[in-house]
Amino acid sequence: MRIDAHQHYWKIKRGDYTWITPDLPILYQDYLPKDLEPMLNRHHMDGSIVVQAAPTIEETNFILSLADQTPSILGVVGWLDLFQREHRQHFEKFRLHPKFKGFRVMIQDMPDPTLILNKKFVDALRSYAEEGVPVDLLLTHQQMHLVLRLIQQVPKLRGVIDHIAKPPIHSREMEPWSQYLAEISTYPNIYCKLSGMVTETGREGWNLEDFVPYIRKVVELFGPNRVLFGSDWPVCLLTAEYDQVMEILLHAIPENWGEQEQSRLFGLNAREFYRL
């Protein structure tokens, strides 16, 4: 099974994608399954994991409704606000849907990311960790120290780091990103998505070598059994086409990775992590 473990669909007129503005014309338009499926087919993908793109219950309901109509949607990662009293109520409703596979915590967008260490938040996350619920973690490299402290408090968390924690690829810095990633990787239930890297270059004039040290470091730390391919389509279109995202990853993975390792990267690990 080949799986794109991270992509998005949206309809702008729904009105809750506040980060997508007319200043981003490539993104300020609808993106739906009919737009992605030709690329999934070209790369022999059996389907994808659709990840929430708006911090609303309504958007999660929207992508679950898309999943009802779309065989290529293998799973949905929704949204919950763990500070809301009703988060468990929403979760119990979502989990009735066979394609609901987990939720994402959008640490990146929190005005005060230190709140993830709040007892209320930690206790809520710990309850989901006890059940083995898959949790996506969206963060930047500047927030890795907080996420490490969070994982230390919730060591059973079944989590995946989205977009390799958004290191400063544009400036080619490796530290302290590499150091924190090494510590995070010691927790065996934490995975890492090789996704969302191309938009961290800050420019269109990137080259394949820009990504090699970052991808190789992730692979070194997490190994072939805890890394997932994700296109981050259509966000990737800001600086690269789907085919280019695939080329970046294929160029950088270790030369000694054979069919077994690549099959895990491009599908089996996602199937296991999200329990597809």
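Begin by selecting strand β4, residues 100-106, in this predicted model: with three residues, β4 gives the most to the lining of the largest pocket. The space in that pocket comes to about 630 Å³, and of the 32 residues lining the pocket, those closest to its centre are Arg104, Met106, Gln108, Asp109 and Leu138. If you colour the lining by residue class, you will find 18 nonpolar, seven polar and seven charged residues.

Keep β4 selected and turn to the second largest pocket, whose volume is about 170 Å³. Here too β4 supplies the largest share of the lining, again three residues. To display the whole lining, select Phe91, Arg95, Phe100, Lys101 and Gly102, then Glu131, Gly132, Val133 and Pro134, and finally Tyr274 and Arg275. By class this lining divides into five nonpolar, two polar and four charged residues.

Go next to threonine 140, which sits in the loop that runs from β5 (135-138) to α5 (144-153). Its relative accessibility is 16%, and because residues under 20% are counted as buried, threonine 140 falls into that class. Show side chains here, and a polar contact of 2.9 Å appears between the side chains of threonine 140 and glutamine 142. Once neighbours within four places in sequence are set aside, the contacts of threonine 140 are with Gln108, Ala165 and Lys166; Gln108 is also among the residues closest to the centre of the largest pocket.

From Ala165 and Lys166, step back to isoleucine 164, in the loop between β6 and α6. Its phi is near 45°, a positive value in a residue other than glycine, and with a relative accessibility of 0% isoleucine 164 counts as buried. Follow this loop, which joins β6 (159-161) to α6 (177-185), as far as proline 176, where the peptide bond from glutamate 175 is cis, with omega at about 5°. Most residues other than glycine have a negative phi, and most peptide bonds are trans.

For another positive phi, select histidine 44, where the angle is near 60°. Histidine 44 is placed in the loop between α1 (33-42) and β2 (47-51), and its relative accessible area of 61% makes this residue exposed.

A further cis peptide bond, with omega near 0°, leads from tryptophan 233 to proline 234. Proline 234 belongs to the loop between β8 (227-229) and α8, and helix α8 is a convenient guide to the next stop.

Where does helix α8 (residues 242-252) give the most, with three residues? The answer is the lining of the largest cavity, which has a volume of about 80 Å³; a search of the whole structure finds one cavity of 30 Å³ or more. Select Leu194, Ser195, Gly196, Met197 and Val198 together with Phe211, Ser231, Asp232, Cys236, Val245, Ile248 and Leu249 to see the complete lining, in which eight residues are nonpolar, three polar and one charged.

Finally, zoom out to the protein chain, whose secondary structure comprises nine helices and eight strands. The C-alpha trace spans about 45 × 40 × 40 Å along its principal axes, and the radius of gyration of 17 Å agrees with the value near 19 Å that a compact globule of 276 residues would have. Buried residues account for 58% of the 276, and of the contacts between residues at least 6 apart in sequence, 81% join residues at least 24 apart.

Conventions. Residues are numbered from 1 along each chain as its sequence is written. This is a predicted model: local features need pLDDT of at least 70, side-chain atom pairs count only at pLDDT 80 or more; totals for chains, interfaces and linings use all residues. Side-chain values use heavy atoms; hydrogens and water are left out. Helices (H or I, at least four residues) and strands (E, at least two) are DSSP runs, numbered from the N terminus. Buried means under 20% relative accessible area, exposed over 50%, partly exposed in between (1.4 Å probe, protein chains only). A polar contact is a pair of N or O atoms within 3.5 Å; within protein, one must be able to donate a hydrogen and the other to accept it, and residues adjacent in sequence count only if both atoms are side-chain atoms. Contact means heavy atoms within 4.5 Å. On a 1 Å grid over the protein atoms alone, a cavity is a set of points where a 1.4 Å probe fits but cannot get out, and a pocket is an open set with protein on both sides within 12 Å along at least five of seven lines; lining residues have an atom within 4 Å of a point. Grid points are joined across faces, edges and corners, and a volume is the space filled by probe spheres set on the points. Ala, Val, Leu, Ile, Met, Phe, Trp, Tyr, Cys and Pro count as nonpolar, Asp, Glu, Lys and Arg as charged, and the others, Gly among them, as polar. The radius of gyration is taken over C-alpha atoms; the globule rule is 2.2 Å times the number of residues to the power 0.38.
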